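Trainee: I would like to go through this model step by step. May I ask about single residues to begin with, and then about strands, rings and pockets?

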Amino acid sequence: MNLLTLYGKEIFALTVPVFTLIINKFFKNSAKVCYGVLHQFTYLINEPLRNANNEVICNTQIVHTYSYVFKNEGKEPATNVEIIFNYSPMYLNIWPSRHYTVKEGAEGRYIMVMDYLAPQEFVRCEMMSINKDLPELLSVRCKEGLAKEIKMMPNKVLPPIYLRFVLLLIFLGSVTLIYLVIVVLQWLVLRTG
């Protein structure tokens, strides 16, 4: 306890910038683009593949599908969003429909560029190919930084009253934590004053 009495002001002076740094790190306004795979599936279709002479090449066909979602979870718009695939997909749909430009990289990479993603805006990218593999997603980035990949899984929808109760508990816990920090800092200042 003697340590707190001797160095209480210095400890207080050290905790204030650390606390400020933590608050700035988590509550800073910026663009935060994230992406994930909604679903992927391979369909085996019992439809014969025929050539130009109507001869059967294969008795079945394979259809691959992939669905990505891209979202700006930040509080600022993300500009120049680039989505880079290994090569051009056979079929590609963007939903909701929006303008994007397509570039080809130095090694034949397929690059989709969107001017911006507004805060909390999301875009779905649906791909499909018949009898060939789909391209891999290589990179997602914007002018503000690299996008973060998130894992997605099905989740049940909880009742709104339950979610409000959990939010109330989180709010009460955060208020209690702030109160305890203030009490400890006040005790340090008065004890060492």
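Trainee: Is N80 buried, partly exposed or exposed?

Mentor: Keep in mind that this is a predicted model. Buried means under 20% relative accessible area and exposed means over 50%. The relative accessibility of N80 is 41%, so N80 counts as partly exposed.

Trainee: What is the phi of N80, and where does N80 lie?

Mentor: Most residues other than glycine have a negative phi. N80 is not a glycine, yet its phi is positive, near 50 degrees. As for its place, N80 belongs to strand β5.

Trainee: Which loop holds Q120, and what is its relative accessibility?

Mentor: Q120 also has a positive phi, about 65 degrees, without being a glycine. Its loop runs between β8 (110-117) and β9 (122-130). Q120 counts as partly exposed, because its relative accessibility is 46%.

Trainee: Which peptide bond is cis?

Mentor: Most peptide bonds are trans. Here one bond has omega near -5 degrees and is cis. Its proline, P96, sits in the loop between β6 (91-95) and β7 (101-104). The cis bond is the one from W95 to P96.

Trainee: What is the order of the strands in the open sheet?

Mentor: Strands of a sheet pair through backbone hydrogen bonds, either parallel or antiparallel. In this open sheet of 5 strands the pairing is antiparallel. The edge strands, each pairing on one side only, are β7 and β11. The order is β7-β8-β5-β10-β11.

Trainee: Which residues stand opposite E82 in β8 and in β10?

Mentor: Strand β5 (residues 78-85) is joined to β10 (residues 137-142) by 4 bridges. β5 also pairs with β8, over 7 bridges in the antiparallel sense. Opposite E82 there is V113 in β8, and in β10 there is R141.

Trainee: How many residues lie between β10 and β11 in their hairpin?

Mentor: β10 pairs with β11 (residues 145-146) in the antiparallel sense, over 2 bridges. Within this pairing, R141 is opposite L146. The two strands form a hairpin, and the number of residues between them is 2.

Trainee: How far apart are the C-alpha atoms of V63 and K132?

Mentor: V63 is part of strand β4 (residues 61-72). Its relative accessibility is 9%, so V63 counts as buried. V63 and K132 are 69 residues apart along the chain, and their C-alpha atoms are separated by 7.8 Å.

Trainee: How are the rings of Y66 and Y68 arranged?

Mentor: A pair of aromatic rings is described by the distance of the centres and the angle of the planes. The count of aromatic pairs comes to 6. For Y66 and Y68 the centres are 5.0 Å apart and the planes differ by 15 degrees. Planes under 30 degrees apart count as stacked, so the arrangement of Y66 and Y68 is stacked.

Trainee: Are Y66 and Y68 buried or exposed?

Mentor: The cut-off for buried is under 20% relative accessible area. Y66 has 19%, and Y68 has 4%. Both tyrosines are therefore buried.

Trainee: Which residues form the aromatic cluster?

Mentor: Y66 and Y68 are among its members. The complete cluster is Y35, Y66, Y68, F70, F85 and Y110.

Trainee: Which residue lies over the face of Y116?

Mentor: The distance from the ring centre is 5.7 Å. The residue over this ring is R98.

Trainee: Which element gives the largest share of the lining of the largest pocket?

Mentor: The largest pocket holds about 240 Å³ of space. It is lined by 13 residues, and those closest to its centre are K25, K28, S30, A31 and K32. The elements that give two or more residues to this lining are α1 (2-27) and β11. With 3 residues, the largest share comes from α1.

Trainee: How many charged residues are in the lining of the second largest pocket?

Mentor: This pocket has a volume of about 160 Å³. F19, S174, L177, I178, V181, I182 and L185 line it, and helix α2 (residues 160-192) gives the most, 6 residues. By class the lining has 6 nonpolar and 1 polar, and the number of charged residues is zero: there are no charged residues.

Notes:
Residues numbered from 1 in each chain as written. Predicted model: local features only at pLDDT ≥ 70, side-chain atom pairs only at ≥ 80, totals over all residues. Heavy atoms only, no water. Pairing = 2+ DSSP bridges. 1 Å grid on protein atoms, 1.4 Å probe; cavity = no way out; pocket = protein on both sides within 12 Å on 5 of 7 lines; lining within 4 Å. Points joined across faces, edges and corners; volume = space filled by probe spheres on them. Nonpolar A, V, L, I, M, F, W, Y, C, P; charged D, E, K, R; others polar. Buried < 20%, exposed > 50% of the residue type's maximum accessible area, 1.4 Å probe, protein only. Phe/Tyr/Trp six-rings, centres within 6.5 Å; stacked < 30°, edge-to-face > 60°. Lys NZ or Arg CZ within 6 Å of the ring centre and 35° of its normal.
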